[in-house]
Amino acid sequence: MTPPERAETQTTGRSAQTATLAEIARAAGVSAPTVSKVLNGRADVAPGTRNRVEELLRTHGYRRRRAESSRSPLLDLVFHELESAWALEVIRGVENVARDAGLSVVLSESAGRLTPGRTWADQVAARRPHGVILVLSELDEAQRALLTSRSIPFVVMDPAGDPGADVPSIGATNWQGGLAATRHLVELGHSRVGAISGPSRMLCSRARVDGYRAALETAGLPVDHSLVAVGDFHHESGYRLGLELLRRPDRPTAVFAGNDLQALGLYEAARELGLRVPEDLSVVGFDDLPVARWVGPPLTTVRQPLTEMAEAAARLVLELGRGEGSQAATRVELATSLVVRSSTAPPAP
């Protein structure tokens with residue numbers, strides 16, 4: 001007689017608690033095949049039923065052991081927005097690692113939301129990838145629990161908020177980058193320096209502005225909060241907010257843009273108002289996208305090693321999938337560096 005299938009659980013105290021799928025099914029008020037569907041990430045289970053079964057599986061500490069060979073040869077890469085050269089640099093880095101590992105990359109976009117949609121986690125569970133990399137995104141508790149119960153590791157790259165102590169993440173030294181960008185402008189002689197930040201809900205954006213403020217305060221210069229505009233990391237906000245800053249009678253002589261796309265929008269605003277870069281306005285960006293070298297004049301910017309960050313995130317999620325690293329408290333920040341080109345100069349007399 002074949003013994004009933006048993007769900008493996010974590011060890012609690014001195015003994016390991018176990019529960020058969022039939023017992024979990026009875027507690028959930030469903031059939032054993034329904035529990036099996038939930039375990040295998042099948043989509044044909046009602047959300048309420050799935051949540052009930054998942055909760056019982058978590059209560060029993062269930063962790064499904066899935067052999068490497070049973071995983072699909074995939075890495076899931078999730079963006080909150082997928083529409084710029086910034087995303088291409090990240091994709092390139094993940095592809096580099098995936099190619100060497102014999103894996104393909106599945107791209108997803110959450111349409112501007114920082115958390116993927118409700119059905120996304122179910123689709124990932126059904127695909128059974130080697131891992132998930134989330135870019136400027138985060139998971140809610142139910143999504144995290146579902147991936148954990150399937151033994152699908154996940155890493156956050158450039159986290160939008162605090163991902164939590166138990167979520168591995170790869171970032172950059174954003175505060176140091178904002179400090180270096182603004183200090184460069186101050187050392188050129190600028191005392192009235194504006195800033196166009198990214199969304200205030202994003203940690204990387206707040207850190208860059210904090211570095212900007214620190215550079216001014218360290219130099220003994222006042223921080224004029226009316227010169228700090230909140231953008232959205234897109235070209236359009238750099239243009240619109242740039243017009244507002246540059247039309248002021250006491251306009252800044254230099255502006256630190258929160259990223260290269262906003263810096264290019266600021267270029268456009270300056271041209272429209274008849275201001276020359278860098279003779280009338282110095283501009284510093286952030287990211288060092290390839291386009292920063294091609295525009296006229298070439299853009300001084302803070303290099304964020306996007307491709308290297310993506311490669312590090314992909315390597316980390318694969319290590320976690322092989323059981324070679326701990327999922328807890330793995331947080332890495334790669335160094336940023338200032339790249340001086342032709343868009344900055346001393347202020348005009």
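What follows is a conversation between a trainee and a mentor about a predicted model of one protein chain.

Trainee: Let's start broadly. What makes up the chain in terms of helices and strands?

Mentor: The chain has 12 helices and 16 strands. Of its 349 residues, 54% are buried. The exposed area is about 15,600 Å², and carbon and sulfur atoms supply 51% of that. Among contacts with a separation of 6 or more, 72% link residues 24 or more positions apart.

Trainee: Why is the sheet with E5 and E7 called open, and which strands are its edges?

Mentor: Follow the order of its 6 strands, which is E6-E5-E7-E8-E9-E15, with parallel pairing. Strand E6 (104-109) and strand E15 (331-334) each pair on one side only, and that makes them the edge strands. From one strand to the next, the twist averages 20 degrees.

Trainee: How do you know that E7 pairs with E5?

Mentor: Pairing needs at least two bridges. Strand E5 (residues 74-79) and strand E7 (residues 131-135) are joined by 5 bridges and run parallel, so they count as paired by that cut-off. Leu-75 has Gly-131 as its bridge partner in E7, and Asp-76 stands opposite Val-132.

Trainee: What makes E7 and E8 a pair?

Mentor: The cut-off is again at least two bridges, and E7 and strand E8 (residues 154-157) have 4, in the parallel sense. Here Val-132 stands opposite Phe-154 in E8.

Trainee: Why is E7 described as largely enclosed?

Mentor: A residue is buried when its relative accessible area is under 20%. In E7, 5 of the 5 residues are buried, so the strand is largely enclosed by the rest of the structure. In a regular strand the side chains alternate between the two faces of the sheet. In E7, Gly-131, Ile-133 and Val-135 point one way, Val-132 and Leu-134 point the other way, and all are buried.

Trainee: What covers the buried residues of H5?

Mentor: The buried residues of helix H5 (residues 120-127) are Trp-120, Ala-121, Asp-122, Val-124 and Ala-125. Their cover includes helix H3 (47-59), E5, E6, E7 and helix H6 (141-149). Just after H5 comes Arg-128, with a positive phi of about 55 degrees.

Trainee: What makes a positive phi worth pointing out?

Mentor: Most residues other than glycine have a negative phi, and most peptide bonds are trans. Ser-151, in the loop between H6 and E8, has a positive phi near 60 degrees and is not a glycine. Asp-158 also has a positive phi, of about 55 degrees, without being a glycine; its place is in the loop between E8 and strand E9 (169-172).

Trainee: Why is Asp-158 called buried or exposed, and what about Ser-151?

Mentor: Set each value against the cut-offs: buried is under 20%, exposed is over 50%, and partly exposed is in between. Asp-158 has 2% relative accessibility, so it counts as buried. Ser-151 has a relative accessible area of 26%, so it is partly exposed.

Trainee: Which peptide bonds are cis, and where are their prolines?

Mentor: One joins Val-277 and Pro-278, with omega about 10 degrees. Pro-278 is in the loop between helix H10 (260-272) and strand E13 (282-287). Another cis bond joins Gly-296 and Pro-297, with omega about -5 degrees. Pro-297 lies in the loop between helix H11 (291-294) and strand E14 (300-303).

Trainee: How do you know that H7 and H8 are in contact, and how do they cross?

Mentor: Two packed helices are described by the angle between their axes and the distance between the axes. The axes of helix H7 (residues 174-187) and helix H8 (residues 203-218) come within 7 Å and cross at roughly 35 degrees. The crossing is right-handed. Residues making the contact include Trp-175, Gly-178 and Leu-179 of H7 and Ala-207, Tyr-212 and Ala-215 of H8. The contact residues divide into 9 nonpolar, 4 polar and 3 charged.

Trainee: Last one: why is Pro-347 called partly exposed?

Mentor: Its relative accessible area is 29%, so Pro-347 falls between the 20% and 50% cut-offs. Pro-347 is in the segment after strand E16 (337-339). Leaving aside neighbours within four places in sequence, its contacts are Leu-188, Gly-189, His-190 and Thr-253. Pro-347 and His-190 are 157 residues apart along the chain, yet their C-alpha atoms are separated by 6.1 Å.

Key:
Residues numbered from 1 in each chain as written. Predicted model: local features only at pLDDT ≥ 70, side-chain atom pairs only at ≥ 80, totals over all residues. Heavy atoms only, no water. Helix = DSSP H or I, 4+ residues; strand = E, 2+ residues; numbered from the N terminus. Buried < 20%, exposed > 50% of the residue type's maximum accessible area, 1.4 Å probe, protein only. Contact = heavy atoms within 4.5 Å. Areas by Shrake-Rupley, 256 points an atom, 1.4 Å probe, with all protein chains shown as cover. Axes fitted to C-alpha atoms, helices over the stretch in contact; angles between N-to-C directions. Left-handed = near helix turned anticlockwise from the far one by under 90°. Nonpolar A, V, L, I, M, F, W, Y, C, P; charged D, E, K, R; others polar.
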